[in-house]
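Biologist: Please take a close look at one part of this model for me, the helix that holds a buried asparagine, and set that part in the context of the whole chain. A connected account would suit me better than a list.

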Amino acid sequence: MKKLLNLEENLQLKIRRDIFKLSASVPENFRFFCITFKQKDKSVLERLRYDIENDVELLYFIMQAEKKYKNCFLQNKEYIYSILSLDEFYLKNAKTIADYTKLNILEFLYIAVNYIDDAFPVVITHSLNREEKDLIKFLLYKGNKIDYLKQNNISEENFNILIKSICQAFKCDDINTALNRCLIEKYLKKDNNLFLNQIKNYMAE
């Protein structure tokens with residue numbers, strides 16, 4: 001039973017990484033669609049459907065992503081929604097897009113792209129020390145709090161101190177959001193740095 005639970009947990013860790021990696025690599029025209037779409041604008045949906053049918057890069061990306069949806073994301077919808085905590089507005093739009101295009105992966109991509117857009121730019125307020133970096137890596141690739149406490153000589157109190165410091169570094173209230181922002185920064189580092197530099201230059205004027 002323990003082995004089965006570990007397999008399930010490892011799958012969930014992989015799903016978190018996959019959803020951000022996939023969403024960070026969407027073609028630019030689809031990213032623009034996601035952050036500008038308004039639910040009642042059917043002409044934009046028609047344009048999206050046209051683009052998917054006629055843009056080779058976008059079509060290939062969507063088809064590969066749809067395979068991942070059927071093989072993995074479909075069985076883990078609730079877990080994905082718990083990672084990408086967005087309000088009802090986004091959820092309704094996502095369902096509209098998936099229903100209109102008959103491509104279920106677009107539901108998740110729309111939600112994830114907007115989650116990333118809302119989190120941008122990722123600002124890290126202080127440098128992470130080695131222990132904090134190791135904890136982040138563990139929670140993203142190896143296991144949960146219980147696993148970490150079992151495998152490391154650390155008290156629960158010190159664990160919570162590390163978690164609090166990581167959350168402060170990523171300017172958020174919970175470790176789930178901190179891990180998500182860490183992945184956003186990892187997969188979109190170039191864009192994130194560009195965005196931060198633009199803000200810095202604007203403030204300097």
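Modeller: In this predicted model, 45% of the 205 residues of the protein chain count as buried. The chain holds 12 helices and 0 strands, so the pattern read along the sequence is α-α-α-α-α-α-α-α-α-α-α-α. Taken along the principal axes, the C-alpha atoms fill a box of roughly 60 × 55 × 30 Å. The exposed area comes to about 12,300 Å², and carbon and sulfur atoms supply 53% of it. Among contacts between residues at least 6 apart in sequence, 75% join residues at least 24 apart.

The asparagine you ask about is Asn 180, and its place is in helix α11. Asn 180 has a relative accessible area of 0%, and because buried means under 20%, this residue counts as buried. Leaving aside residues up to four places away in sequence, Asn 180 touches Arg 16, Phe 20, Ile 83 and Tyr 115. Tyr 115 belongs to α7, which covers residues 105-119.

Helix α11 itself spans residues 175-187 and packs against helix α8, residues 130-141. The two axes lie 11 Å apart and make an angle of about 95 degrees. Angles from 65 to 115 degrees count as roughly perpendicular, so that is the term for α8 and α11. From α8, the residues in this contact are Ile 136, Leu 139, Leu 140 and Tyr 141. On the α11 side they meet Ile 175, Leu 179, Cys 182, Leu 183 and Lys 186. By class, the contact has 8 nonpolar residues, no polar ones and 1 charged residue. The charged one is Lys 186, because Lys is classed as charged.

The loops that lead to these two helices each have a backbone feature to check. For most residues other than glycine phi is negative, and most peptide bonds are trans. Ahead of α11, in the loop that follows α10 (156-169), lies Lys 171. Lys 171 is not a glycine, yet its phi is positive, at about 50 degrees. With a relative accessible area of 54%, Lys 171 is exposed. Ahead of α8, the loop after α7 contains Pro 121. The peptide bond from Phe 120 to Pro 121 is cis, with omega near -5 degrees.

A second residue with positive phi is Lys 102, where the value is near 60 degrees. Lys 102 sits in the loop between α6 and α7 and counts as exposed, at 66% relative accessibility.

Helix α6, residues 88-101, takes part in another helix pair, with α3, residues 42-54. Their axes come within 10 Å and cross at roughly 50 degrees, so α3 and α6 are oblique to each other. The crossing is right-handed. In this pair, Lys 42, Leu 45, Glu 46, Leu 48 and Arg 49 of α3 meet Thr 96, Ile 97, Tyr 100 and Thr 101 of α6. That contact divides into 4 nonpolar, 2 polar and 3 charged residues, whereas the contact of α8 with α11 has 8 nonpolar, no polar and 1 charged.

To return to your request: Asn 180 is a buried residue in helix α11, and α11 packs against α8 at about 95 degrees.

Key:
Residues are numbered from 1 along each chain as its sequence is written. This is a predicted model: local features need pLDDT of at least 70, side-chain atom pairs count only at pLDDT 80 or more; totals for chains, interfaces and linings use all residues. Side-chain values use heavy atoms; hydrogens and water are left out. Axes are lines fitted to C-alpha atoms, for helices over the stretch in contact, and angles run from 0 to 180 degrees between N-to-C directions. Helices (H or I, at least four residues) and strands (E, at least two) are DSSP runs, numbered from the N terminus. Angles under 35 degrees count as roughly parallel, over 145 as roughly antiparallel, 65 to 115 as roughly perpendicular and the rest as oblique. Contact means heavy atoms within 4.5 Å. Buried means under 20% relative accessible area, exposed over 50%, partly exposed in between (1.4 Å probe, protein chains only). A crossing is left-handed if the near helix is turned anticlockwise from the far one by less than a right angle, and right-handed if clockwise. Accessible areas come from the Shrake-Rupley method with a 1.4 Å probe; for residues, only the protein chains shown count as cover.
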